[in-house]
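Student: Could you walk me through this model? I'd like to know which parts to trust and what the local geometry looks like.

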Amino acid sequence: MDNLSRRAVLGGSAALGLEALMGQALREPLEDPLLARPRIGAEFFLNSTETRDSIFEHFRRMAQTGLTVARIFTIWDQIEREQGKWTFLGYDWIYDAAAQHGLLIANTLCSEDPPGWMGTAPFYHAWHDLSDPSLRPHAEIYIEKVVTRYKSHPAHGVWLLQNEPGINSGAEPFVLSEYARWLQRNYRTVEALNRVWYQRLARFEDAQAPPNAGTGSWIDYPRWLDWRRFRCDHLADQLRWIHSQIERHHPGALTHINPPGLTSNMPASGRDLWRLKPTAHFMGASMHASWHFGMFAREDFGVAFGYCCDLIRSVSAPAPWWVTELQAGPTIFTGSRPLNPSAGEITRWLWDGIGNGARGIVFWLWHPRTEGVEAGEWALAGPRGEPTARTRATQSVAEVLRRHDRFFAQARPVAARAAILYNRDAMLLYSVDGARRPGDDLLHSLMGCYKALHRSRVPVDFLDTSELETGLAGRYKVLYLPYCYEIG
């Protein structure tokens, strides 16, 4: 593995003695207590086997490890097994255990995962489309029930709008209705649309999703790109709706999102990071070596993790950011490769994230799930919270954070003087143009540019094309444009 990146400078400082740095003039801490200093946390998944005693024991061990954040999913099906019959007992135990042991809850809402009684999804994490008129009224009730129950609890910290926001709908009638409205907002008249598309429409409501781009050698590019852009806006619209529902019942509440797959073509999947940014107060991301570092050899995991950190930090700025999910334990059946992070990798990821300014690093997950394909995998601790080499590595980092709390609360990463253009327009075009070619020239060029700078210890930010238009590039000495074969 290569040496620690320059963003891990705080980790090196910890080893050299932070006392010497304490006298430097540093910024004031952030106002929100959840974001005022770096925190380490873990997902606590409510297994069906949990009891009140087991939950309180787990939270005692989490606090003993130095964790100060517990992320949870409030799974809709667990609290409304039958329509209109709500039970929160297990989640009440979690909140009370967190309060007793000094942890704050990051509560992930699951309004896109309808309960089994609705008969519309095979299981949770289905990313059901919230524009579906058969789902939205029930989702409103779900959000109201969860938010009003826990908004005033002393352990509550932040609402996550959705886990790993994504879009799983296709050309359902309610999606096409949204698409027609999107086209009208962007083109204003059908005549204007017909001047661009190959297919002519009599009205916006006649628009259909285009066929698979990979099925032929000639395609209608404007039509395909419009569909891809719509899907990016459509996901952002759903997240804004969730945020509006939280705001109704918990005005001013802190909100967060954690898109996954930062090393992939994000806009092509509907996850346009800069479009998602306005939907929550601050950004984070899922960063799993087993799932997301597929194009990197293990000795380059530090480069992959640094790329993810620099990208999500750049998007979230000037707001804080989190590593919202970080692989904590072994995977065999899930992920793109079997992997068990070593204690050294856990330590490095923690210090690299903290050195890059992360205000939270949250492991997936604390103890293993007891059912499903992930059963027995991913965990930082043992099934009953028993210590592992990974928990001991985490505890060592947490202890340094605790001993030097004032320094870490005020420290910020070194400002970058170089930037890389994150060209969303080129990514959308390549998702159509490159569909018939193996590999991904654009992503390889982007990663290669980042890797060269990372290896040379050059601090780097990512800039979006919209930020070029506002003149933000002027703050940098150099701007890199990897594989920039399209720019608006």
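Student: Over which residues does pLDDT stay under 50?

Tutor: This is a predicted model, where local features need pLDDT of at least 70, side-chain atom pairs count only at pLDDT 80 or more, and totals for chains, interfaces and linings use all residues. Residues are numbered from 1 along each chain as its sequence is written, and side-chain values use heavy atoms, leaving out hydrogens and water. pLDDT is the predictor's confidence in each residue, from 0 to 100, and the chain has a mean of 90, with 91% of its residues at 70 or more. The stretch you're after has 71 contacts (heavy atoms within 4.5 Å) beyond four places in sequence, and pLDDT stays under 50 there: residues 1-30.

Student: Where is proline 318 found, and what is omega for the cis peptide bond that joins alanine 317 and proline 318?

Tutor: Helices (H or I, at least four residues) and strands (E, at least two) are DSSP runs, numbered from the N terminus. Proline 318 sits in the loop between helix 11 (301-316) and strand 7. The cis bond joining alanine 317 to proline 318 has an omega of about 5 degrees.

Student: Which residue is joined to tryptophan 364 by a cis peptide bond?

Tutor: Look at the loop between strand 8 (360-364) and helix 13 (389-403), where leucine 365 lies. With omega at about 0 degrees, the cis partner of tryptophan 364 is leucine 365.

Student: Is tryptophan 378 buried or exposed?

Tutor: Tryptophan 378 is also a loop residue, found between strand 8 and helix 13. Its phi is near 75 degrees, a positive value in a residue other than glycine. Buried means under 20% relative accessible area, exposed over 50%, and partly exposed in between (1.4 Å probe, protein chains only). Because its relative accessible area is 1%, tryptophan 378 counts as buried.

Student: And arginine 188, buried or exposed?

Tutor: Arginine 188 lies in the loop between helix 6 (173-187) and helix 7 (190-194). Phi of arginine 188 is near 70 degrees, positive in a residue other than glycine. Its relative accessible area is 69%, so arginine 188 is exposed.

Student: How many of the 13 residues of helix 12 are buried?

Tutor: Helix 12 reaches 18 Å from its first C-alpha to its last, close to the expected 18 Å (1.5 Å times one less than its number of residues). Its buried residues include Glu345, Arg348, Trp349 and Asp352. Just after helix 12, glycine 357 takes a positive phi of about 100 degrees. Helix 12 is largely enclosed by the rest of the structure, because the number of its 13 residues that are buried is 10.

Student: Which residues is serine 314 in contact with, leaving aside its neighbours within four places in sequence?

Tutor: Serine 314 is found in helix 11 and is buried, with a relative accessible area of 7%. Methionine 283 is 31 residues away in sequence and 9.8 Å away in space, C-alpha to C-alpha. Leaving aside neighbours within four places, serine 314 is in contact with Asp461 and Phe462.

Student: How far apart are the C-alpha atoms of arginine 275 and aspartate 233?

Tutor: Arginine 275 lies in helix 9 (residues 273-276) and is partly exposed at 27% relative accessible area. Beyond its neighbours within four places in sequence, arginine 275 has contacts including Cys232, Asp233 and Arg424. Arginine 275 and aspartate 233 are 42 residues apart along the chain, and their C-alpha atoms are separated by 7.0 Å.
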